[in-house]
Structures are given as structure tokens and as C-alpha cells.
Amino acid sequence: MNHLSIDEKYMQRCLQLAQLAEGNTYPNPMVGSVVVHNGRIIGEGYHRKSGEPHAEVNAVHSVKDKSLLKESTLYVNLEPCAHYGKTPPCSKLIIDHHIPKVVIGCIDSFSEVSGKGVAMMEAEGIEVISGVLEAESLELNRRFFTYHNKKRPYIILKWAETLDGFIDIERTQENYGQPTWITNEWARRAVHKQRSTEQAILVGTYTAIKDNPSLTLRDWSGIQPLRCVIDKKCQLDESSKLLDGSCATVVYNCEQSKIDGLTEYVKVNEEEVQDQLLTDLWQRGVQSVIVEGGQATLQHLIASNLWDEAHQYVGDVVFKAGIPAPKVKGTFIRQESFGSSKLLVHRNNL
């Protein structure tokens, strides 16, 4: 059994606090912070929402006796910022309060920060230790780091398949418009929870036509992700739920660029739909996208090695024939059970 060091225990608390704001901090990362004095936490906080105070600010402000700060250690899972954004730099706050020691989970690779926060604090004589639970800190903000380092959103593939490996029956026009449920209610609720933590959700033309999905949050509370659909030839008609104007939607197509209320049509080249779509999402500041089908869209991303996670839901039904489920080659990282349904999560070995 692994025993955590003292620094790791406090860093673990930072990560727990940071996780509380999952899905609410975009475009900022998830960050938690604790202030420790003589082996006791005297302050803690986390970044709740973009534009609001950062984790270090909330942690310092929660300390009742500010005179203790000059004898305390501040823990934070991400390097404190050194630049003026929507809020003042946290490194300056730490310096101003004469906090003598700072322990960091991981360095922020965002160019406005990368190493500058550490340098600013060390120049003022503050002891800085970094790399405590580094892997866990990087994992927590994998969307943020992928976005800044790879100039694209973090891509999550998602599908539901039967026990015998099919994601759908062979459809005829008569049975278009209704999804074929494979998993149970609890698994479907988990899908909506997942949607609430990602910034965009994408489907291809065939899925949009045959299932007529809403791609909205109905079984979970949270921020509605940007709805995206690939519709090269503008085949979707006005009855499509994706064109109902209820929330922000982008239609990637090869024919027109226009804005119709909350629906935006973005023209892309037919040979470069995938790359131009991802670039457009990156330019919009979208750090993560969950791709919910169909099979051609999923398989195309897999073939291009453009995916980071795959969420494979498996129900207890059998189709015997139909549309085969995608196949990914990656690392299996965890399984979750929802009664008769289960979720298998895979990570790409980039």
C-alpha cells in the first residue's frame, strides 16, 4: 500500500477542491489551493468560474488570521499565474502576503504563465517546490493542456454498443428519427453528466438524420455544450432538433457560411472537414469535444489518430446484425457499472 507524504496529502486536497468546479472554469483550468500552518489547514479555496478569483486568492482570503501567512506553506495543483488577465497575478498575491513556501503540483505550460510564476516567487526569496503529484495534476487539467499544447480540443469519442458489438440496426427511412436504445437509464444519465463537463458535442450527418438527437442536457444540470454537426451537403431539414434554435449550434458544411439566430453555418473544404472543424473549435476557445457518432465520424477520427479518450458503453441487448461498433487501440484505464450497462474508458497512446 502506498503511503502519501505530507506534501502529497495536502496536494491531494488541492485536487479534490479543484474537481468541484469541473465543467465551470473554461477557459481556465481547474485549480485548488490550501494554506497550511504548523501542520494544520488554515485556509482553502478553489477557482469556481472564469473571471472570478483564482484558487490561491480564495485560499488566502479564507485565512482568518492573516499574520499566520508569513509562517505558512501554500499548496496549489497548478503554477500560480504571473500575468494580469481578468484578475491580478497570484504570484504577486503570495509575495505581498510574505508566504515563505509554495508547493506546486505541475508547471503551467500556457505560454503566459509557463515558469514565470515560479521565477517571480523565487526572485523574492520564496521556497518553491514543484512536481508533487505531478501526474495527477496533469491528468486533472488534460483538456486545458491539450488545448494549449496541441492547438486543438481534447477529443472524447463516445458510443453505445450491444453485447455482440453493434451500435445500431441497419436503418431504413421508415425507422429514422428515433434512437435505438442500447444502454439503460442510468448509463444514459451518465452520458448527460459527461456532456455537462465538456465544451462541445459533435455528431455526423447520418446520426443527426436517423436519430434526430437534441444533444442537450436533460438528465443533468450544468452548462449546455456547443452543439456541432457535420452536414456537408446541408441535408438536415427544418424539423431537425439540431436546427431548433434552442441553443448555440454550429453546422460544418461545404456550401455556405451564415448565421441564423443561435445556429451558425461554417463552410469548410470537403477534403479538410476534420482538420478545419478542429481548428475552428480551437479558435473558439473550445477545450474539449465529445463525439457521439456516427460510426463513420468516429472511425475517421480513429483512423487519423485524432482522439484522446474513448468512452465505450455496453448494454445487455443483442442485435445479431447491424452497424459494427468502432475499434480503438489504446490503454484501458477504467470500468464503471450501471446495473445492466457498463462503461469502458480507453486512453490513446499518442
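Which residues of α6 are buried? In this predicted model, the buried residues of α6 are Arg142, Arg143, Phe144, Phe145, Thr146, Tyr147 and His148.

## Helix α6 and its end

Helix α6 spans residues 142-150, and 7 of its 9 residues are buried, so that the helix is mostly covered given the cut-off of under 20% relative accessible area. The buried set includes the aromatic residues Phe144, Phe145 and Tyr147 as well as Arg142 and Arg143. After α6 comes lysine 151, which has a positive phi near 55°.

Arginine 142 belongs to this helix and also takes part in a salt bridge: its side chain meets that of glutamate 139 at 3.4 Å, N to O. Arginine 142 counts as buried because its relative accessible area is 16%, whereas glutamate 139 is partly exposed at 30%. Both residues belong to a wider network, in which salt bridges with shared partners join Glu139, Arg142, Glu309 and Arg347.

## Strand β13 and its partners

Strand β13 covers residues 288-291. In a regular strand, side chains alternate between the two faces of the sheet. In β13, Ser288 and Ile290 point one way, while Val289 and Val291 point the other way. All of these residues are buried.

Two strands pair with β13. Strand β6 (residues 154-161) runs parallel to β13 and is joined to it by 4 bridges; within this pairing, tyrosine 154 stands opposite serine 288. Strand β8 (residues 200-203) also pairs with β13 in the parallel sense, over 3 bridges. Here isoleucine 201 stands opposite isoleucine 290.

## Salt bridges between separate elements

The model contains 17 salt bridges. One of them joins the side chains of aspartate 168 and lysine 210, at 2.9 Å from N to O. This pair links distant parts of the chain, since aspartate 168 lies in strand β7 (residues 166-168) and lysine 210 in helix α8 (residues 205-211), 42 residues apart. Is aspartate 168 buried or exposed? Aspartate 168 is buried, with a relative accessible area of 2%. Its partner, lysine 210, is likewise buried, at 8%.

Another salt bridge brings together the side chains of arginine 284 and glutamate 264, at 3.2 Å from N to O. Arginine 284 is in the loop between α9 and β13, and glutamate 264 is in strand β12 (residues 263-267); the pair therefore ties together parts that lie 20 residues apart in sequence. Arginine 284 is partly exposed, with a relative accessible area of 33%. Glutamate 264 is also partly exposed, at 25%.

## A negative patch at the surface

Which residues gather in a patch of negative charge on the surface? The patch is formed by Glu270, Glu271, Glu272 and Asp275. Of these, aspartate 275 lies in helix α9 (residues 273-283). Aspartate 275 has a relative accessibility of 46% and therefore counts as partly exposed, as that class lies between 20% and 50%.

## Cis peptide bonds

One cis peptide bond joins tyrosine 26 and proline 27, with omega at about 5°. Proline 27 is located in the loop between α1 (6-19) and β1 (32-37).

A cis peptide bond is also found from glycine 293 to glycine 294, where omega is near 5°. Glycine 294 sits in the loop between β13 and α10 (295-303).

## Positive phi in the loop after α8

Where is asparagine 212 placed? Asparagine 212 lies in the loop between α8 and β9 (226-230). Its phi is near 50°, a positive value in a residue other than glycine.

Leucine 215 is placed in the loop between α8 and β9. Although leucine 215 is not a glycine, its phi is positive, at about 55°. Leucine 215 is classed as buried because its relative accessible area is 2%.

Note on methods
Residues numbered from 1 in each chain as written. Predicted model: local features only at pLDDT ≥ 70, side-chain atom pairs only at ≥ 80, totals over all residues. Heavy atoms only, no water. Patch = residues over 30% accessible without salt bridge, like charges linked within 9 Å, V, L, I, M, F, W, Y side chains within 5 Å. Areas by Shrake-Rupley, 256 points an atom, 1.4 Å probe, with all protein chains shown as cover. Salt bridge = Lys/Arg side-chain N within 4 Å of Asp/Glu carboxyl O. Lys, Arg positive; Asp, Glu negative; His and termini not counted. Charge placed at Lys NZ, Arg CZ, Asp CG, Glu CD. Buried < 20%, exposed > 50% of the residue type's maximum accessible area, 1.4 Å probe, protein only. Pairing = 2+ DSSP bridges.
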